[in-house]
Amino acid sequence: MSIASVEAQKPSTKKVTLAELDLGQQQKVWFNYSAFTYYVDLDAVYDRIDAAFLTGIVAQSVVSVGSVSSDSAHLLAKTSIAAVESTELSFYFDASARRVYIHLQSGDEPSLHRITLGVVYGISNHAGVYGGVYYEGRLRSAPSISKSRDPLFFGRIAFDGGTITIDNTDGFFDRIGEDNDVFGNSVRIFQGFEGLDYGSFARMGTGVIDTIRVGRDTLEVQMIDPRAALSRRAPSRVFDAVTYPNIKPGNIGKAIPIAYGALLNVPVLCTNEAESPAPANYSFKLADCTDHGIYAITTVRVNGVVKATASTDLAAGTFTLAAANYSPGDDVTCDFTGYKDGSGNAIENAAEVIRDLLDTQLGIEYGPSSFDQGEWAAAETLAPDIAIFEDDPTEVFSLIEDLCASALLVFFTRDDGRYSLRKYTPNRAVSQVFSQDELLEMPAVEYDPTEVLSSTMVGYARDWDEDQERYLHDTSQESDVFEKYKVYREKTFDTLLTASAAAQAFSDDILDLSAEVSRRFSARFKLQPLEREIMDFVDIPILRRDGSGLGVCKAEILGITKDLLAAEITLDCRIVEMYPETIYVQGGYWGEDYWGDELWGATYQEVVA
């Protein structure tokens, strides 16, 4: 547990909440630092630049830079110049030297783009200097930050950043919406206590600015999920007449698909159907291979009949058919395995596919500053193989949600801003044990039988041309559930899974979650759960003060709400397991035989007398 979370629990400690808003400031002046890397010195000290080029360059009153964007797309924060030099779409703010370094897409010069610095404006409930920045005491109320997942439908995380209310009685913010680049910029919330070093403050949440409301007395800033930055659509590249001069006019502007995993019966587009005179071979494009080649082409069909290819090019993701096997207008489909990685292995693990989408479609490099790599690696080990083919531009975030729902994964942003991925497993280790004294009140348990399932239908191995799947029908729990709850309730899950074994494992996990009545409760604490995240397992006592009650349970965290100014955290939980009740029995005699002190419970254990 961090220093902030320990000290902030003490009643006598003055709690300090910091809110950092990045207000956009367009930055037009940049100088080359190295190949593809540019910088600006906020003090206008350019020892590497001839004075003749510095006319009109003046120092800026910027104290701290929290973010940088290029054409409204956020650059990734790095921790060194070297990291920026090696990473496109990244930046580094050197606070001591007061310099900002950037590396744009394709190594472009900054003059080709609109570069905006996210200048940190700090406010607090207690004015003071934190981390070298003065935070005005304008914070009237901080949001109750909450995030949660549906207890059954994985992949879909709800995030409510809430509203930050800032004092505006002096009119300081009256023109913030007119004179500042505000929307979509970063917001960070920290919690600590008086006298704590800024570096030890605990980050409670990260979001982006959605809407603002400027009033006579207050400025209200709505904070939303930072995953909103994943709204770019993929695939992003299209068929054009320059690259494909003989393509059918009606196909110009259509998206070039992206493809992962073992795909069945995928419709394929011909790229020289309009060629005249008719060619000896017709060419077909499976997927956009700008970043990866295709792993394998298995079977090609023309109007449902298997045909031999004239040639294949896995690196380009193409194949050709002889004119004897294809006529313009025929329906062509293909079984193939999508992208392969740099080692030549198919990219089909669900967690690996998500990681690759973030990298290739959004430029988010897989590194420790952007990802919780430990959690991600663990999820990748447990995640199943999937197959996804997309030829209709769709938000990357939506694609990730579909992948997570198929693999029982949850993709979320940690409080420190890093992306994390978790795979549900009933055997996850307990992260924290809470005592009865840490609870502000005894939790009330809600029993909900409406979520009980007796059987499942799990779709897998999709036919992409027919848009239909094979189904695994699992009724293994049906009789037991009906005997206990007097209900037959079945649910269908359409997934991106490719194998029946994976579909069975999916069903096993779903029925493990829902073959019993749902037992949910909310547990309210001060700041003891400060470091907990969605899907953590915790031990929580549900007991009265006299020790009676339900007992101690292992619970999964489904939701977290942080009330910052009240310094309280509420965990919404699902009971995974009730620990066996233990009853202490003092030793005694039975006739001439003595038995030792014992604990009686689910298992009989003798204790040494």
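Here are some notes on this predicted model, taken region by region.

1. Let's start with the open sheet. Nine strands make it up, in the order E5-E4-E9-E1-E16-E17-E18-E15-E12, and the pairing is antiparallel. Strand E5 (73–74) and strand E12 (139–141) sit at the edges with a single partner strand each, so each has one side without a neighbour in the sheet.

2. A closer look at the E12 edge. The partner here is strand E15 (residues 163–167), paired with E12 in the antiparallel sense over two bridges. If you want a spot to check by eye, Ser141 stands opposite Thr165 in E15.

3. Next, the second largest pocket. Its volume is about 480 Å³, and 24 residues line it, with Lys254, Pro267, Val268, Leu269 and Cys270 nearest the centre. Four elements give two or more residues to this lining: strand E21 (262–267), strand E22 (269–270), strand E23 (281–285) and strand E28 (332–339). As for chemistry, the lining divides into 13 nonpolar residues, three polar and eight charged.

4. Two of those lining strands also pair with each other. E22 and E23 run antiparallel and are joined by two bridges; Cys270 has Phe284 in E23 as its bridge partner. On top of that, E23 pairs with E27 in the antiparallel sense, over five bridges, and Ser283 stands opposite Thr320 in E27.

5. What about the cysteines? The structure holds zero disulfides. Cys270, one of the residues nearest the centre of the second largest pocket, is in no disulfide, and the nearest cysteine sulfur, that of Cys334, is 14 Å away. Cys270 counts as buried, at 5% relative accessibility. Cys573 has a neighbour at 7.3 Å, sulfur to sulfur, in Cys553, but that is too far for a bond, given that a disulfide needs the two sulfur atoms within 2.5 Å. Cys573 is buried too, with 0% relative accessibility.

6. On to the aromatics, where the count comes to 28 aromatic pairs. One of them is Tyr282 with Tyr326: the ring centres are 5.0 Å apart and the planes are at 65°, so this pair is edge-to-face. Tyr282 lies in strand E23, while Tyr326 is in the loop between strand E27 (318–322) and E28, so the contact ties together parts 44 residues apart in sequence. Both rings belong to buried residues, Tyr282 at 4% relative accessibility and Tyr326 at 3%.

7. A second pair worth pulling up is Phe389 with Trp464. Here the centres are 6.3 Å apart and the planes at 65°, so this one is edge-to-face as well. Phe389 comes from strand E29 (residues 388–390) and Trp464 from the loop between strand E35 (455–463) and strand E36 (468–474), so the pair ties together parts that are 75 residues apart in sequence. Phe389 is buried, with a relative accessible area of 6%, and Trp464 counts as buried at 16% relative accessibility; the limit for that label is under 20%.

8. One last aromatic item: which residues do ring pairs link into a cluster? They are Phe31, Tyr33, Tyr39, Tyr46, Tyr92 and Tyr101.

9. If you only have time for one region, I'd pick strand E23. It pairs with E22 and with E27, gives residues to the lining of the second largest pocket, and carries Tyr282, the partner of Tyr326.

How values were computed
Residues are numbered from 1 along each chain as its sequence is written. This is a predicted model: local features need pLDDT of at least 70, side-chain atom pairs count only at pLDDT 80 or more; totals for chains, interfaces and linings use all residues. Side-chain values use heavy atoms; hydrogens and water are left out. On a 1 Å grid over the protein atoms alone, a cavity is a set of points where a 1.4 Å probe fits but cannot get out, and a pocket is an open set with protein on both sides within 12 Å along at least five of seven lines; lining residues have an atom within 4 Å of a point. Grid points are joined across faces, edges and corners, and a volume is the space filled by probe spheres set on the points. Ala, Val, Leu, Ile, Met, Phe, Trp, Tyr, Cys and Pro count as nonpolar, Asp, Glu, Lys and Arg as charged, and the others, Gly among them, as polar. Two strands pair if DSSP finds at least two bridges between them. Buried means under 20% relative accessible area, exposed over 50%, partly exposed in between (1.4 Å probe, protein chains only). Rings of Phe, Tyr and Trp (its six-membered ring) pair if their centres lie within 6.5 Å; planes under 30 degrees apart count as stacked, over 60 as edge-to-face and the rest as tilted.
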